[in-house]
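Visitor: I would like a close look at a single part of this structure, namely a place where two helices pack against each other. Please take me through the geometry and the residues involved.

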Amino acid sequence: MQLVTTHKNTDFDGFASVVAANLLFPEAHAVLPKTLNPNVKAFLSIHKDLFETHACGEIDLKRVQRLIVVDTSSWNRLDRLDGLKGRKDLDIRVWDHHIEKGTIRAGQCCIEPVGATTTLLVRELKQQHKILTPMQATLLLAGIYEDTGNLTFPSATAEDAYAAGWLLERKADLNILNTFLRPAYSETHKAILFKMLQHAKRTKIKGHRISINQVTIDGHVDSLAVVVRMYLEILNVDAAFGVFVESQKNRCMVIGRSQIESINVGSIMRSMGGGGHPRAGSAQIKGASPEAAEQWILELIRGNQQASVQISDLMSFPVHTVTAETSMEEVALILRTRGVTGIPVVDGERVVGMISRRDFRKMRKESQIRSPVRAFMTADVLTIEPGKSPTQAAQLMVKHDIGRLPVVKNDQVIGIITRSDVMRYFYDLLPD
Ligand SMILES: [Mn+2]
């Protein structure tokens, strides 16, 4: 007899990997732990008939000859299979994407740091030209999307994306998938969100709208990040923090969310002993009152801000400028020799226009090359201050479809920032 199983509190990646492994080993019995996470439970309550699974109690462990374990490699994560632990004759195979060494000694294993274990099994299904039903493809895609945050987590790899593409080709249904990947949002969450909204307050720190909210909760509540995210969206602030105090316990949980890159929640949470990424993070704080935690967050935001990247760090300078009287011919020469696509037009130090390669298309006659810039320049020039953030520059560029912004301080052009400067920043290509 063969078994395929996964870790307790099974998530979509675990369950999808079991189903995928079952396609590779059709003889195997799929055994699911008693505890499933709420999303998987909801999925199975509707699709139970499509997937044949067994409970551990139904299996006579003595008859098992092969054990296939997916999405974990530790015995203590499996449900009631300890009876198999010491068996020398057992053929064990492991597929997992957690690269920390587990306690299961497998004859064959595939352990690689991809975003989801499902991806490793898709690789095998692809090689063996297995045929999937749309339902199976949907479930496998849910496994990949859940563990990679729809391919946005830093742990996601190119192979996860290729695997997702392969599953979409096999008719994975995104409508169905979205219903099941919806974050668990319960009555308890609703009550907490309501409490937060009743006591919502906003603070402004250097032009950023922040909200910090202290909430007392009864015992441990899962997935509070979902609540903080909704709170941030409803209040429409730049960053929101929930300080959750468990009654009777001398600790609080801080969860933060940010919509702007100048407030890096990950680094704030790291300073508080927790972790996360720029947009989301959390920290557990022991022995501090919620008031102290709130003050700490505020101080970190104030400190954190100075370190953030400003336009003045990205802009090019000095800037070559022309006046409204310069001829188009001369402008063409400057654009070519300096390898730029646009130049600010100034009157003294003040920007009065912008002339770019695109403006040359406005010429109707060849003789117009001798005309002054004034006739072809864009006179409504948007500018940006050196202290603004790269996101603000990007928003202006996208909204107005412009490729460059003169950087202006006290009515004086001090630099220029282009679309590619901003892109270089967002893709982390800045020189050290
Ligand atoms: Mn996983």
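Guide: What follows is a description of one helix pair, with a brief look at two other elements afterwards. The model is a predicted one, and the pair consists of helix α7, residues 187–198, and helix α8, residues 224–235, whose axes lie 10 Å apart and make an angle of about 40°. Because an angle under 35 degrees would count as roughly parallel and one of 65 to 115 as roughly perpendicular, α7 and α8 are oblique to each other. Their crossing is right-handed. On the α7 side the contact is made by His-189, Ile-192, Leu-193, Met-196 and Leu-197, and on the α8 side by Val-226, Val-227, Met-230, Tyr-231 and Ile-234. Sorted by class, this contact of α7 with α8 comprises nine nonpolar residues and one polar residue, with no charged residues. Such spacing has a general background: an α-helix has 3.6 residues a turn, so residues three or four places apart point the same way.

Elsewhere, helix α3, residues 117–127, has buried residues that include Leu-120, Leu-121, Val-122 and Leu-125, and the buried residues of α3 pack against α1, β3, β4, β5, α4 and α5. After α3 comes His-129, with a positive phi near 50°. Strand β14, residues 404–409, has five of its six residues buried, so β14 is largely enclosed by the rest of the structure. Six bridges join β14 to strand β15, residues 412–418, and the two run antiparallel, with Arg-404 standing opposite Thr-418 in β15. Two residues lie between the strands of this hairpin, where Asn-410 takes a positive phi near 45°.

Methods
Residues are numbered from 1 along each chain as its sequence is written. This is a predicted model: local features need pLDDT of at least 70, side-chain atom pairs count only at pLDDT 80 or more; totals for chains, interfaces and linings use all residues. Axes are lines fitted to C-alpha atoms, for helices over the stretch in contact, and angles run from 0 to 180 degrees between N-to-C directions. Helices (H or I, at least four residues) and strands (E, at least two) are DSSP runs, numbered from the N terminus. Angles under 35 degrees count as roughly parallel, over 145 as roughly antiparallel, 65 to 115 as roughly perpendicular and the rest as oblique. A crossing is left-handed if the near helix is turned anticlockwise from the far one by less than a right angle, and right-handed if clockwise. Two residues are in contact if their C-beta atoms, placed from the backbone, lie within 7 Å. Ala, Val, Leu, Ile, Met, Phe, Trp, Tyr, Cys and Pro count as nonpolar, Asp, Glu, Lys and Arg as charged, and the others, Gly among them, as polar. A residue is buried if 20 or more other C-beta atoms lie within 10 Å of its own, exposed if 12 or fewer, and partly exposed in between; C-beta atoms are placed from the backbone. Two strands pair if DSSP finds at least two bridges between them.
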